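Hi,

Here's the structure I promised to pass along. Have a look at it first, and then read on for my notes.

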Amino acid sequence: RTWGEGLVSTINSKRQLANGISAFAVAAALCIAQPAYAQAEYGNIEGHVDGAKAGTQVTAVDNTTGQRSVGTIDESGNYSILGLRPSNYTVTAEGQEAQQTTLSVGQSVTVDFVTASASSTGGAVVVTGRRIAQPTQAQTVSTNITPAQIENLPQNQRNFLSFAQLAPGVSLISPSGAQQLQAGALAPQNANILLDGMSFKNPINHGGMFGQNFGDFGNPFPQIAIQEYQLQTQNFGAENGQSASALLTAITKTGGNEFHGDVFLDWQPKWMVEKGHFQNGPKQDYDRKQFGGDIGGPIIPGKLGFYFAFEGTDQKVPPGTFNDLTVTIPQNIEDLVNGSISRTFKQRLYFGKLTWFATPNDTVNLSGYKRKQSNLADFGGNAPPEHGRFLQTNQDRYQLQWRHTAGAFVNSLNVSYDKGNQ
């Protein structure tokens, strides 16, 4: 056998060995359960119960939906309840007073049940109390945007991404008019946005969040349907992928045990807008309306709930004018480029969700989202109306999510269909 044949044989042997190692690694990954902490949109409640017997249960009840989740106390008196939906919870243990706690996206909260006592030994008085619920510190540098902030902080675009600017080093940029999330000095395509566990990143056209690449305006999702989110900017886990600068993890609202709803209307007419200092002639047309609402509640109390949200925007703004005082141009050309045709924008956002609490350990969410957007743009200034065009953005997304908890592990299945064009 020649040297070349021996070399080929050696290479083939190495490839077979590498393939064997890869197959073993894949098999091992399929056989070994992944820990719950990889599920970024969920939270955990853990703690210690004084004097409790091993096997005693601790129950956490979601104050919004009524879902009950159970953890078991071990020999050391410790317990953990994993994979919980962010919400307000009532935590109870046998023989202990119930406690209230708030669980945010991606956080673990400690709730201890310590028996209060006072004793006197050698003239000293020792008082033992109960520690209140505290979040557990993680290595990730993150900022949580709470439901109260989303509901109460003012911002005039109803874009839920605007609140991300509360995190250090994060800003919104508008290279093409629509807003994109930027962290540090990296471009928007280096950030990833997860909504109910599924990515909204555009992997094909310019990166960044889908639907925010072109157009003068536009929101990626109805703000009224966002419950809360967490923005990670340093040391976030690599299990999420496609996120080199920041990772935004948001969850949507869900129907609870009580019917609830909101409506809103923001209107900014022409007479509310001051005429520009350098604008010649009469005040140009301007009109902007943002409107919408949501409703949610039980279909079968404690078992099946629904939620629906809608937001719309109608906007009419004047095009840019050609006011270069250093250049003399014929009047007919000036009239052509400084026309009276307004730039129009129209957007409709729809979101619906069904939540089924099949068992205390199983939750199934079925949701649908639709975005329709039309923007008459690309004219004004030195571009005549004939240069204008309609920029269309359409997106349809349907998602099925199943979460199952089993002891110290959480299993999550996400299946989605996403079709979009811009």
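Which strands each supply at least two residues of the nonpolar patch? Those are β19, β23 (389-406) and β24 (409-421). Before I go further, keep in mind that this is a predicted model.

The patch itself covers about 700 Å² of surface. Its members are Ile299, Ile300, Leu354, Leu366, Leu400, Trp402, Leu413 and Val415. Take leucine 400 as an example: this residue sits in strand β23, and its relative accessibility is 40%, so leucine 400 counts as partly exposed.

β19 has something else to show you. The strand runs over residues 287-300 and also holds arginine 288. That arginine is buried, yet arginine 288 makes no salt bridge. Aspartate 266 is the nearest side chain of opposite charge, and it lies 7.4 Å away. What does the side chain of arginine 288 reach at 2.6 Å? The partner there is the backbone oxygen of asparagine 156.

As for the whole chain, you'll find 3 helices and 24 strands in it. There are 422 residues, and 41% of them count as buried. The accessible surface comes to about 22,300 Å², with 57% of that belonging to carbon and sulfur atoms. If you count the contacts with a separation of 6 or more, 63% are between residues 24 or more positions apart.

If you open just two spots, I'd go for the patch around Leu400 and Trp402, and then the contact from arginine 288 to asparagine 156.

Cheers

Notes: Residues numbered from 1 in each chain as written. Predicted model: local features only at pLDDT ≥ 70, side-chain atom pairs only at ≥ 80, totals over all residues. Heavy atoms only, no water. Helix = DSSP H or I, 4+ residues; strand = E, 2+ residues; numbered from the N terminus. Buried < 20%, exposed > 50% of the residue type's maximum accessible area, 1.4 Å probe, protein only. Lys, Arg positive; Asp, Glu negative; His and termini not counted. Salt bridge = Lys/Arg side-chain N within 4 Å of Asp/Glu carboxyl O. Polar contact = N/O pair within 3.5 Å; in protein donor to acceptor, adjacent residues only side chain to side chain. Contact = heavy atoms within 4.5 Å. Areas by Shrake-Rupley, 256 points an atom, 1.4 Å probe, with all protein chains shown as cover. Patch = residues over 30% accessible without salt bridge, like charges linked within 9 Å, V, L, I, M, F, W, Y side chains within 5 Å.
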